[in-house]
Amino acid sequence: MNDNSPSRNEEAVARFVERFAAEMTEAGMQRTASRVFAALLSSDDASLTSAELSERLGISPAAVSGAIRYLVQVGLAGRERDPGSRRDRYRVHNEVWYTTFAQRDAVLMRWENALRDGADSLGRDTPAGARLAETVEFFEFVQEELATMMDRWRARQEERRAERQT
């Protein structure tokens, strides 16, 4: 099924795009980037050109470009060339959520290291140092749990793929 399939309700898709984009904006993402990401996510092949995004969302190509630049920077989308064309196509990566969480793990590690240094600099026996040390312990806990959760997710996906093949 492609995005022009008769069974695809474009009004329902547009409502989803705006609703999900509003949720992402509420969580802190730029509004236009949220809309572009939701449009890519709702595309059957997870990719659209700048012109397609501009038309679907009623935004300028410049707005699409800025949103894509942001989405690429945060790892939620990629840019590729249409074969035999000079047009860019923007794509939501496979396993976008897994990749996003894995990247956040690296961010947490950097924060953890900076906080550990801060706790040492402030002195772990001071209120501020103790607060930073506790934050380090929290990040260590989150990273351990996240690694375990990601492993369980991979195993679950492998099981589901195996079930689909039988």
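A residue counts as buried when its relative accessible area is under 20%, as exposed when that area is over 50%, and as partly exposed in between. In this predicted model, Met 149 has a relative accessible area of 38%, so this residue is partly exposed. Met 149 belongs to helix α6, which covers residues 127-165. Together with Trp 97 and Phe 101, Met 149 makes up a nonpolar patch on the surface, and the accessible area of the three residues together is about 300 Å².

## The nonpolar core

In soluble globular proteins, nonpolar side chains tend to be buried together. The largest nonpolar core here has 26 residues, and the members that touch the most other members are Val 36, Leu 40, Leu 53, Ile 68 and Leu 71. At least two residues of this core come from each of the helices α1 (10-26), α2 (31-42), α3 (50-57) and α4 (61-73). The helix that gives the most to the core is α2, with 6 residues.

What does Leu 40 touch, when residues up to four places away in sequence are not counted? The contacts of Leu 40 are Ala 46, Ser 47, Leu 48, Leu 53, Ile 68, Ala 77, Tyr 90 and Val 92. One of these contacts, Ala 46, is found in the loop between α2 and β1. Although Ala 46 is not a glycine, its phi is positive, near 60°. With a relative accessible area of 19%, Ala 46 is buried, because the cut-off for that class is under 20%.

## Helix α3 and its two sides

Helix α3 offers a clear case for following burial along a helix, since its buried residues are listed as Leu 53, Ser 54 and Leu 57. Seen down the axis of α3, these buried residues fall within an arc of 100°, so they line one face of the helix. On the other side of α3, Ala 51 and Glu 55 are exposed. The partners against which the buried residues of α3 pack are α1, α2, α4 and the strands β1 (47-49) and β3 (88-91).

Ser 54, which is placed in helix α3, has a relative accessibility of 14% and therefore counts as buried. Leaving aside residues up to four places away in sequence, Ser 54 touches Ile 59, Ser 60, Pro 61 and Val 64. After α3 comes Gly 58, which has a positive phi, near 65°.

## Salt bridges

How many salt bridges does a search of the whole structure find? The search finds 11 salt bridges, and the table gives three of them with the N to O distance for each pair.

| Pair | N to O distance |
|---|---|
| Glu 80 and Arg 91 | 3.0 Å |
| Arg 154 and Glu 95 | 2.9 Å |
| Arg 116 and Glu 112 | 2.7 Å |

In the pair formed by the side chains of Glu 80 and Arg 91, Glu 80 belongs to strand β2 (residues 78-81) and Arg 91 to strand β3, so the salt bridge ties together parts that are 11 residues apart in sequence. Glu 80 is partly exposed, at 31% relative accessibility, and Arg 91 is also partly exposed, with a relative accessible area of 26%.

The side chains of Arg 154 and Glu 95 meet in another salt bridge. Here Arg 154 lies in helix α6, while Glu 95 lies in the loop between β3 and α5 (96-122), so this pair ties together parts that are 59 residues apart in sequence. Arg 154 counts as partly exposed at 28% relative accessibility, and Glu 95 is partly exposed with a relative accessible area of 33%.

The salt bridge between Arg 116 and Glu 112 is set within one helix: the two residues are 4 residues apart in helix α5, which means that about one helical turn separates them. Is each partner of this pair buried or partly exposed? Arg 116 is partly exposed, with a relative accessible area of 24%, whereas Glu 112 is buried, with a relative accessible area of 5%. Elsewhere, Arg 8, Glu 10 and Asp 44 are joined into one network by salt bridges that share partners.

Key
Residues numbered from 1 in each chain as written. Predicted model: local features only at pLDDT ≥ 70, side-chain atom pairs only at ≥ 80, totals over all residues. Heavy atoms only, no water. Core = buried A, V, L, I, M, F, W, Y, C linked by side-chain atoms within 4.5 Å. Buried < 20%, exposed > 50% of the residue type's maximum accessible area, 1.4 Å probe, protein only. Contact = heavy atoms within 4.5 Å. Patch = residues over 30% accessible without salt bridge, like charges linked within 9 Å, V, L, I, M, F, W, Y side chains within 5 Å. Areas by Shrake-Rupley, 256 points an atom, 1.4 Å probe, with all protein chains shown as cover. Salt bridge = Lys/Arg side-chain N within 4 Å of Asp/Glu carboxyl O. Arc of directions from axis to C-beta.
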